[in-house]
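These entries record what I looked up, in the order in which I turned to each topic. Confidence comes last.

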Amino acid sequence: MAEQQDAVDPEPILSVRDLRVTFGSFTAVDGSTFDLFPGETLAVVGESGSGKSVTSLSIMRLVELGTRGKIEDGEMLFRLPDGEVVDLAQLNESEMREIRGNQISMIFQEPLTSLNPVYTTGNQVAEAVMLHQQVDRDVATERALEMFRLVRIPDPEQRLAQFPHEMSGGMRQRVMIAMALSCDPTVLIADEPTTALDVTIQAQILGLMRDLRETTGAAVMIITHDMGVVAEVADRVIVMNQAKIVESGSVYDIFENPQEDYTRALLSAVPRLGSMTGLADPAPFPLVDSAPS
Amino acid sequence: MTGLFIGNNDGGNSDGDGGGGGDETAAGAPLGREALRLFMRNRAAVAGVIILVGVIFMTYIGPSLYDQDPSRIIARPLQGPGTEDVPSFGTDYLGRDVFAGVVNGGDTTLRVALVATLMIVVIGVSIGAIAGFYGGRIDTALMRFTEIFQVMPALLFALVIVTLFEPSTMVIAISIGIVLWPSLARLTRAEFLRLRNLEFVKAAQAIGASDARIMFRVMLPNALPPLIVATTLVMGTAILFEAALAFLGLGDPNNISWGYLIGQNRGSVLGGWWTVTFPGLAIFFTVLSFSLIGDGLQDAFNPKLRGR
């Protein structure tokens, strides 16, 4: 517990080796290998269908539930707070349930639909606390209030008693973050957390996530197709294309000196302020011809 | 019984619902006051509630106000209503008081309906929830099992069960439960299939909730509106089944029910219309009240009518 999080820990908290995930005959993730270090933000970027979401669902072991997804091969070595290392790919369902929400949490893309419409938001956060900690409802509600303050929800006392449909998208995403962080996880996976939000709210949520990483010390794995988001929050970047990791490196290396054509194509898809100066009509983005499409 | 249609207490009462939030994706957002308002606006449904309250009053308070033994012979047989010295609904083929029968017959009928409905809900919702939640082979197996029950002629099947055992109130209720649960199972499955892919179910898994918890605490409250409506309708059907069984002579001989009264007097339909008409009207109004209430609940839970 007294571990220092100041410098990036040399030992990874999560180390994925040769992960292969299939849906029937389709291979969604093919031999992914990467590390996640405590306190860092790792961005996984790529276009739709490149396997980035499946990677995150595999780490949560949610990919096999209700779909035909299957983790065929590979290891996902996760370091528990007491130093013990477990392979997430080998755990059974009840052991995995202990880790979900408690050690590894996840935020989803759609804040509008990821909260249960029939319960108050405070109730839902309190329930998440009670799932993993042996506390009564009063303590759990107190914790929910504390989390609402942490994610900077205004009037937290009133908001606890509100239903999801009474909140805006940005507020709901804050509730999701509060819920995800309520049990002090060491890893937070955010699957396109800002895609469904408008730009000003995106900036607020990203700023919030950056601050929270500093206060909680959790490692963050953020999945996105938006290179603007990557530049904003990430320390390191993994670029995925067609189920494979094509490039990885620090955010500076990726932006300054991309090695792969595909990475360059992704970067070129970000509109630059002023790039349309002097044009009468909007022009199409330049594409790198050799990039796989 | 009233608890049934006020229902959905899981969601709690929403304070300050305000009728806003027209962007709800899942049906059954906080209901409470808004649902009550929509229900009250449906006049037929309110009439249904009044009829049902009347039936319950007659069944449970009536016997103490009209203290007559329905199985005692009190006058000459088949005396029509209005005959002197004869109770207002006349006498049946043995000279028993028809009005006393109607007043006392509701208890058995309602009890059978309640037990059968409880059974239908428990079996139907459990099987439908498991099938819809897990999908795949479990779903296929459970749905084939459900279809076995569904392809058999329901009334005939119930008849066979009652004949095999004894025509006691409990056996009758259970036999009705056994033949009527498949429709509720299929409805529950369909609702769960719809909810299964919504993000909040995934989110519940991601915070480490167990399968049972997700099914019954997360998904079921969201599936309640159509299930409550279906339950009220199935209750009416259960009453009709009890009447049909009793009419065919498979009622509980120790307990008077409306269907039993009709069955007993089926030989005197032409000579004494009142012997079957009054118990028949009692069944008619009870089933009608459930149908009207079910209809009103459909309105109450319809998100498109909210805020209008």
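**Entry 1. Terms.** Before reading any register, I fixed what pairing means: two strands count as paired if DSSP finds at least two bridges between them. I also kept in mind throughout that this is a predicted model.

**Entry 2. The open sheet of chain A.** I looked up the strand order and found an open sheet of 4 strands, E2-E1-E4-E5 in chain A, with antiparallel pairing. Its edges are strand E2 (26–36) and strand E5 (85–87) of chain A, each of which pairs on one side only. I noted an average turn of 5° between neighbouring strands of this sheet, direction ignored.

I then took the pairs in turn. Strand E1 (residues 14–23) and strand E4 (residues 69–79) of chain A are joined in the antiparallel sense over 8 bridges. For the register I recorded that Thr22(A) stands opposite Lys70(A) in E4(A). E1(A) and E2(A) are likewise antiparallel, over 8 bridges, and Phe23(A) has Phe26(A) of E2(A) as its bridge partner.

**Entry 3. The hairpin turn.** How many residues lie between E1(A) and E2(A) in their hairpin? I found 2 residues between them, and Gly24(A) in the turn has a positive phi of about 60°.

I next asked which residues Arg68(A) touches, not counting those up to four places away in sequence. The contacts are Phe23(A) and Gly24(A), so the hairpin residue Gly24(A) appears here again. Arg68(A) itself lies in the loop between H1 and E4 of chain A. Is Arg68(A) buried or exposed? It counts as exposed, because 11 C-beta neighbours lie inside 10 Å and the limit for an exposed residue is 12 or fewer. As a distance check, I recorded Arg68(A) and Met130(A) as 62 residues apart in sequence and 31 Å apart in space, C-alpha to C-alpha.

**Entry 4. The helix across the sheet.** I followed helix H1 (residues 52–59) of chain A and found that it lies across E1, E2 and E4 of chain A. Its direction is at about 65° to E2(A).

**Entry 5. Positive phi outside glycine.** I noted two such residues in chain A. Asp18(A) has a positive phi of about 50° although it is not a glycine, and its place is in strand E1 of chain A. Asp18(A) counts as exposed because it has 11 C-beta neighbours inside 10 Å.

Asp184(A), also not a glycine, has a positive phi near 50°. Asp184(A) sits in the loop between helix H6 (169–181) and E7 of chain A. With 14 C-beta neighbours inside 10 Å, Asp184(A) therefore counts as partly exposed.

**Entry 6. The parallel pair.** I turned to strand E6 (residues 104–107) of chain A, which pairs with strand E7 (residues 187–191) of chain A in the parallel sense over 4 bridges. Ile104(A) has Val187(A) in E7(A) as its bridge partner.

Which residues of E6(A) are buried on each side? I found Ile104(A) and Met106(A) on one side, Ser105(A) and Ile107(A) on the other, all buried, so that both faces are covered. In a regular strand the side chains alternate between the two faces of the sheet.

**Entry 7. The largest nonpolar core.** Val187(A) came up again here. The largest nonpolar core has 159 residues, of which Val187(A), Ile176(B) and Ala238(B) touch the most other members. Helix H10 (residues 211–250) of chain B supplies the largest share of this core, 19 residues. Leaving aside neighbours within four places in sequence, I listed contacts of Ala238(B), among them Val112(B), Ala116(B), Ile176(B) and Leu180(B).

**Entry 8. Chain B overall.** I counted 12 helices and 0 strands in chain B. Buried residues make up 47% of its 308 residues. Of the chain B contacts with a separation of 6 or more, 70% join residues 24 or more positions apart.

**Entry 9. Confidence.** The model scores ipTM 0.80 and pTM 0.78. Chain B averages a pLDDT of 80, and 85% of its residues score at least 70. Which elements of chain B have the lowest and the highest mean pLDDT? Helix H1 (residues 2–6) of chain B is lowest at 38, and helix H8 (residues 169–196) of chain B is highest at 91.

I marked residues 1–30 of chain B, where pLDDT stays under 50 although the model has 56 contacts for them beyond four places in sequence. Where pLDDT is low, the predicted coordinates should not be read in detail.

Notes:
Residues numbered from 1 in each chain as written. Chains lettered and ligands numbered in written order. Core = buried A, V, L, I, M, F, W, Y, C linked by C-beta atoms within 7 Å. Buried ≥ 20, exposed ≤ 12 C-beta atoms within 10 Å, placed from the backbone. Contact = placed C-beta atoms within 7 Å. Axes fitted to C-alpha atoms, helices over the stretch in contact; angles between N-to-C directions. pLDDT = per-residue confidence, 0-100.
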